[in-house]
Amino acid sequence: MQPVECIRVIGNRFRFIRSGVEHIPAAYFDRQVRAFGREFQPVLRAMRVAIVGAGGTGSSVAEQLIRLGVGYLLIIDGGKFEGSNVNRVYGSRVTDEGVAKPRIVKRSADTIGLGTVVEIIDRPITYASAMMRLKDCDVVFGCTDDQWGRSLLTTFALRYVTPVFDMGVAVDSADGVVDRIEGRVTTLLPRAACLYCRNRISPQGIRAESLHELDPTQAESLRCEGYLLGVNETAPSVIAFTTAIAAAAVSELLHRLTGFMGAERTATEVIHRFDCSRVRTNSVPPRPECQCSDSTTWGTGDTRPFLGVTWRPEP
């Protein structure tokens, strides 16, 4: 027997029931207390939030959650900071070359000084040891740009009934001329279309990425023979758009907690077309043949193997 630390109620609205929530000086959050009420601030303080990916969207999500007063952040990213990241990674400096990206988030939180506890895991969630830590969190922000990681988050959201806000930004341009700039926030939950249903990820893309990571020689051979899609191609990224999508994702969380967008707002995806000033929402149902339609897997929790997948060897 173990004491229950938290009761999570997940539906169109999220509710987290805890005891002994720490209170902090209201003066720091006076302006948002005026918006959502004094009772809402302890809810944020008690929340445990994971951010997978600490790049353009991930660092912006972290910055906003810290300043909102979220009490605990788990930052998971196996990447190192590069000079080309400084144009969009919050809290970064030109002297951070080679620093693990999660450490930049932790440094920023310590500098801000609002008491947010930041725990870091400097390896990708394609390692089971990293992915398992998501079980400790109330919600997850998916800020990774790889299909392999997104596929794992999709499965995790269903098996642990833990909301995942997955996001992405795509900039299509050639010779300095922008053709299309699109960003999205997709909420992953039971009864909502997953990333496979929405054609955001595919088995072919996941295979290409995993093979490139685990066996680069074979991946390059298959790529040259035309049997493997290209991966790790450098894509355009602009802070204005990554920040806007991060803010949209945080707004989705605030709505799920407060309902400020109205009772009729139950959409599970928001799409921003920056190039034509257009925003739309949708609530696509799962495809009957997709794995996310199998309700017997919802809320199954711990299984062997974890999430029912074969994991890469731990370093």
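## Asp96 and its surroundings

Let's start with one residue: apart from neighbours within four places in sequence, Asp96 is in contact with Phe81, Gly91, Ile104 and Arg107. This is a predicted model, so please read everything here in that light. Asp96 sits in the loop between strand S4 (72-76) and helix H4 (101-112).

Although it belongs to a loop, Asp96 is buried, with a relative accessible area of 2%. Its side chain also has a polar partner: a polar atom there lies 2.8 Å from the backbone nitrogen of Arg93.

## The sheet as a whole

Next comes the sheet that S4 belongs to. It is an open sheet of eight strands, with mixed pairing, and its order is S5-S4-S3-S6-S7-S8-S9-S10. Strand S5 (117-121) and strand S10 (278-282) are the edge strands, each pairing on one side only. From one strand to the next, the twist averages 15°.

As general background, strands of a sheet pair through backbone hydrogen bonds, either parallel or antiparallel. Both kinds of pairing turn up below.

## Strand S4 and its two neighbours

S4 is largely enclosed by the rest of the structure, because five of its five residues are buried. Tyr72, Leu74 and Ile76 point one way from the strand, while Leu73 and Ile75 point the other way. This fits a general pattern: in a regular strand the side chains alternate between the two faces of the sheet.

On one side, S4 runs parallel to S3, and five bridges join the two. Here Val52 stands opposite Ile76 in S4. S3, helix H3 (residues 56-68) and S4 make a right-handed β-α-β unit. S4 and S5 also run parallel and are joined by five bridges, with Val118 in S5 as the bridge partner of Leu73. A right-handed β-α-β unit is made here too, by S4, H4 and S5.

## From S6 to the S7-S8 hairpin

Further along the sheet, S6 and S7 pair in the parallel sense over three bridges, and Val140 stands opposite Val164 in S7.

The pairing of S7 with S8 is antiparallel and covers eleven bridges. Phe165 stands opposite Thr187 in S8. These two strands form a hairpin with two residues between them, and Asp175 in the turn has a positive phi of about 55°.

## The edge at S10

Strand S9 (residues 269-273) and S10 pair in the antiparallel sense over five bridges. Ile271 has Arg280 as its bridge partner in S10. Not counting residues up to four places away in sequence, Arg280 touches Glu269, Val270 and Ile271.

Is Arg280 buried or exposed? It falls in between: Arg280 is partly exposed, with a relative accessible area of 46%. If you follow the chain from there, Asp302 is 22 residues apart from Arg280 in sequence and 36 Å apart in space, C-alpha to C-alpha.

## Helices on the sheet

H6 lies across strand S3 (48-52), strand S6 (139-142), strand S7 (164-174) and strand S8 (177-188), running at about 155° to S7. Helix H9 (residues 239-258) packs on the sheet as well, touching S6, S7, S8 and S9, and its direction makes about 155° with that of S7.

H6 has a helix partner too. Helix H6 (residues 147-159) and helix H7 (residues 203-214) pack at an angle of about 115°, with their axes 8 Å apart. From H6, the contact involves Gln147, Trp148 and Ser151, and from H7 it involves Gly205, Ile206, Glu209, Ser210, Glu213 and Leu214. Sorted by class, this contact has three nonpolar, four polar and two charged residues.

## His255 in helix H9

Finally, have a look at His255, which is placed in helix H9. At 1% relative accessibility, His255 counts as buried. Leaving out residues up to four places away in sequence, it touches Arg13, Phe260, Met261, Gly262 and Arg265.

Which backbone atoms does the side chain of His255 reach? It reaches the backbone nitrogen of Met261 at 3.2 Å, and one of its polar atoms lies 2.9 Å from the backbone oxygen of Arg265. For a longer view, His255 and Arg133 are 122 residues apart in sequence and 25 Å apart in space, C-alpha to C-alpha.

Conventions
Residues numbered from 1 in each chain as written. Predicted model: local features only at pLDDT ≥ 70, side-chain atom pairs only at ≥ 80, totals over all residues. Heavy atoms only, no water. Helix = DSSP H or I, 4+ residues; strand = E, 2+ residues; numbered from the N terminus. Buried < 20%, exposed > 50% of the residue type's maximum accessible area, 1.4 Å probe, protein only. Polar contact = N/O pair within 3.5 Å; in protein donor to acceptor, adjacent residues only side chain to side chain. Contact = heavy atoms within 4.5 Å. Axes fitted to C-alpha atoms, helices over the stretch in contact; angles between N-to-C directions. Nonpolar A, V, L, I, M, F, W, Y, C, P; charged D, E, K, R; others polar. Pairing = 2+ DSSP bridges. Right-handed = clockwise from strand over helix to strand, strands pointing away.
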